[in-house]
Amino acid sequence: MNASKYVYLDNAATTQMDPRVIEVMNEHFRTSYGNSSSLHSIGQKAAQTLVKSRETVASLINAKRDEIIFTSSGTEADNIAILGVALKNQNRGKNIITSAIEHHAVENSCKSLKNRGFSITFLPVDKYGLIDLRELEDMITEETTLISIMFANNEIGTIEPIKEIGAIAKKHDVLFHTDAVQAFGKVPIDVEAMNIDLLSASAHKLYGPKGVGMLYLRNKGVSESRGKFIEPIMYGGGHERDMRPSTINVPGIAGFAKAVELVKNEMPKEIEIQTNFRDKIIKNVLDNIGDSYLNGHPTKRLPNNVNLGIRFIEGESIILDLDSEGIAASTGSACSSNSLEPSHVLLAIGLKPQEAHGSLRVTVGRFTTDDDIEYFLEKLPPIIDRLRKMSPLKSNKKNIFITKTR
Amino acid sequence: MDHFQNPRNMGEMKDADSIGEKGNPVCGDLMYIYIKVEERNGKEILSDISFQTFGCAAAIATSSIITELAKGKSLDEALNITRNDVAISLDGLPPIKMHCSNLAADALQDAIKKYREKK
């Protein structure tokens with residue numbers, strides 16, 4: 001790793017914490033160390049911090065304070081939402097509709113329900129990663145209790161038609177959960193206007209600490225017949241309205257709230273800057289590197305996400321070469337993970353396995369500079385050249401590669 | 001890492017005596033091994049060898065190392081290069097990456113097999 005310069009372009013994986021968040025958390029580690037359930041002053045000080053933090057986080061998505069359940073992560077929020085709603089409503093029905101491109105936290109929570117007698121409908125997506133609204137409506141049955149569709153995809157950045165999905169869910173009296181871990185703080189979200197009943201988010205994707213997430217849980221407006229529509233998946237001391245027991249991580253939550261406060265003020269500007277970076281990278285690569293293409297939708301995508309397909313070479317090698325130049329990015333190639341299967345998202349949008357292996361995800365963030373983008377765009381082409389020289393696959397050669405269909 | 005950043009014996013060989021081919025469809029790797037064979041003292045020797053791969057870093061590094069191990073060896077000796085030899089030469093590979101070294105060893109064996117079939 002080049003110590004003098006390191007360009008971090010993997011902000012969808014996690015973000016560097018904002019120094020202003022670190023400052024707030026340090027303060028709270030010192031002064032709000034009490035247990036927020038305790039009656040004494042230091043405990044009550046922590047409780048006050050918690051209330052204020054809840055209010056701040058709620059305000060970003062037009063929710064009310066008591067609709068926010070703090071969790072340890074986005075993954076935990078997804079698990080509570082899906083398992084909690086499915087199990088609570090199983091007498092009413094045992095079908096859940098989700099998409100083929102969900103994060104594993106949603107996908108595997110749904111799959112775990114299969115073993116308990118639930119049926120899971122995985123909606124396919126088009127080449128951009130968008131679900132078909134008519135197909136969604138057609139798939140809803142008497143048995144359907146929950147629709148869980150992500151706000152924006154973590155790999156290809158595609159933003160789903162959330163408002164329209166919310167309207168369909170409401171029309172059919174089905175609960176609607178969205179995993180907004182990538183979208184929260186990146187694009188405007190309004191749970192009222194979009195008819196979202198449950199929403200997951202995480203602090204570390206927006207310059208906050210790791211180990212803090214939240215689940216928005218609609219309080220009112222859910223059909224009366226449902227009563228309490230969710231049950232906990234963990235049991236303990238009644239924290240977070242009985243939904244998520246355990247002593248509250250007040251300093252972490254205060255950091256989450258600070259991160260939300262910052263993003264609330266800076267979002268319009270950040271969207272503008274990051275969209276410019278995004279489109280500059282896309283244009284430059286597509287113009288200058290042959291046999292490359294964009295994965296995901298050209299405009300219905302997160303401002304900070306670029307996902308490129310680079311033919312004939314393997315993503316992991318690109319990542320390692322970039323790293324040796326001091327650049328951090330990511331890939332949907334199987335070899336980069338513990339499984340050998342290429343990304344289910346890239347396969348779902350119709351890529352062949354060898355194409356999915358050649359994907360490169362570049363995600364910019366608050367601390368990305370013009371220089372960073374220039375440096376990346378200067379270093380990438382020679383890396384692609386080097387790896388392509390090694391590859392037996394060529395554009396003018398008949399591709400003899402054995403493809404495996406799912 | 002050195003074998004990944006500076007791979008040895010990389011590239012297509014136009015006048016190869018035989019080309020070994022191996023693909024691992026799960027991981028999506030593809031490997032070509034090109035060999036040139038010479039007779040020396042009645043023995044068939046691998047006088048030259050090169051590779052091309054659409055593969056991850058481990059596949060590139062194992063291809064590089066296997067070509068180094070095999071160069072100058074007789075065909076019988078080269079056939080005995082096992083998957084483990086490659087991993088050991090690379091100071092051990094993580095278990096999940098073992099199939100990448102299999103790819104290189106298997107492609108070499110395929111090249112030798114095809115060479116012998118042609119004769």
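Reader: What makes the radius of gyration of chain A agree with a compact globule?

Author: The model is predicted. Its chain A has 406 residues, and a compact globule of that length would have a radius of gyration near 22 Å. Chain A has 22 Å, so the value agrees. Along the principal axes, the C-alpha atoms fill a box of roughly 70 × 50 × 35 Å.

Reader: How much of chain A is buried, and what share of its contacts joins residues 24 or more positions apart?

Author: Buried residues make up 50% of the 406 residues. Among contacts with a separation of 6 or more, 72% join residues 24 or more positions apart. Chain A holds eleven helices and twelve strands.

Reader: Why is A:Ala12 called buried?

Author: The cut-off is 20 or more other C-beta atoms within 10 Å. A:Ala12 has 26 C-beta neighbours inside 10 Å, so A:Ala12 counts as buried. The residue sits in the loop between β1 (7–8) and α1 (19–31) of chain A.

Reader: Which residues does A:Ala12 touch, leaving out those up to four places away in sequence?

Author: A:Ala12 touches A:Asn154, A:Gln182, A:Asn305, A:Arg361 and A:Thr363. Two of these, A:Asn305 and A:Thr363, are bridge partners, with A:Thr363 in β12(A). A:Ser72 is 60 residues from A:Ala12 along the chain, and their C-alpha atoms are separated by 18 Å.

Reader: How do you know that β10 and β12 of chain A pair?

Author: Pairing requires at least two bridges between the strands. Five bridges join β10 (residues 305–310) to β12(A), so the two strands pair. They run antiparallel.

Reader: What makes β9 and β12 of chain A edge strands?

Author: The open sheet has three strands in the order β9-β10-β12 (chain A), with antiparallel pairing. β9 (292–294) and β12 (359–363) each have a single partner strand, so one side of each lacks a neighbour in the sheet. Neighbouring strands of this sheet are turned by 25° against each other on average, direction ignored.

Reader: Which helix packs on this sheet?

Author: Helix α7 (residues 250–288) of chain A does, touching β9, β10 and β12 of chain A. The direction of α7 makes about 10° with that of β10(A).

Reader: Why is A:Ser246 called exposed?

Author: Exposed means 12 or fewer other C-beta atoms within 10 Å. A:Ser246 has 12 C-beta neighbours inside 10 Å, so A:Ser246 counts as exposed. The residue lies in the loop between β8 (213–217) and α7 of chain A. Its phi is near 125°, a positive value in a residue other than glycine.

Reader: And why is A:Asp291 called partly exposed?

Author: A:Asp291 has 15 other C-beta atoms within 10 Å. That count falls between the limits of 12 or fewer for exposed and 20 or more for buried, so A:Asp291 is partly exposed. A:Asp291 is in the loop between α7 and β9 of chain A. Phi of A:Asp291 is near 50°, again positive in a residue other than glycine.

Reader: Which domains does the assignment give, and how far apart are their centres?

Author: The domain assignment gives domain 1 (7–14 + 267–390) and domain 2 (19–260) of chain A. Their C-alpha centres lie 28 Å apart. The contact takes 22 residues from domain 1 and 25 residues from domain 2.

Reader: What gives the most to the side of domain 1 that touches domain 2?

Author: α9(A) gives the most, with three residues. Both β10 and α9 (344–348) of chain A supply at least two residues each. By class, this side of domain 1 has eight nonpolar, ten polar and four charged residues.

Definitions and conventions: Residues are numbered from 1 along each chain as its sequence is written. Chains are lettered from A and ligands numbered from 1 in the order in which they are written. This is a predicted model: local features need pLDDT of at least 70, side-chain atom pairs count only at pLDDT 80 or more; totals for chains, interfaces and linings use all residues. Helices (H or I, at least four residues) and strands (E, at least two) are DSSP runs, numbered from the N terminus. Axes are lines fitted to C-alpha atoms, for helices over the stretch in contact, and angles run from 0 to 180 degrees between N-to-C directions. Two residues are in contact if their C-beta atoms, placed from the backbone, lie within 7 Å. The radius of gyration is taken over C-alpha atoms; the globule rule is 2.2 Å times the number of residues to the power 0.38. Domain bounds come from an automatic or database domain assignment. Ala, Val, Leu, Ile, Met, Phe, Trp, Tyr, Cys and Pro count as nonpolar, Asp, Glu, Lys and Arg as charged, and the others, Gly among them, as polar.
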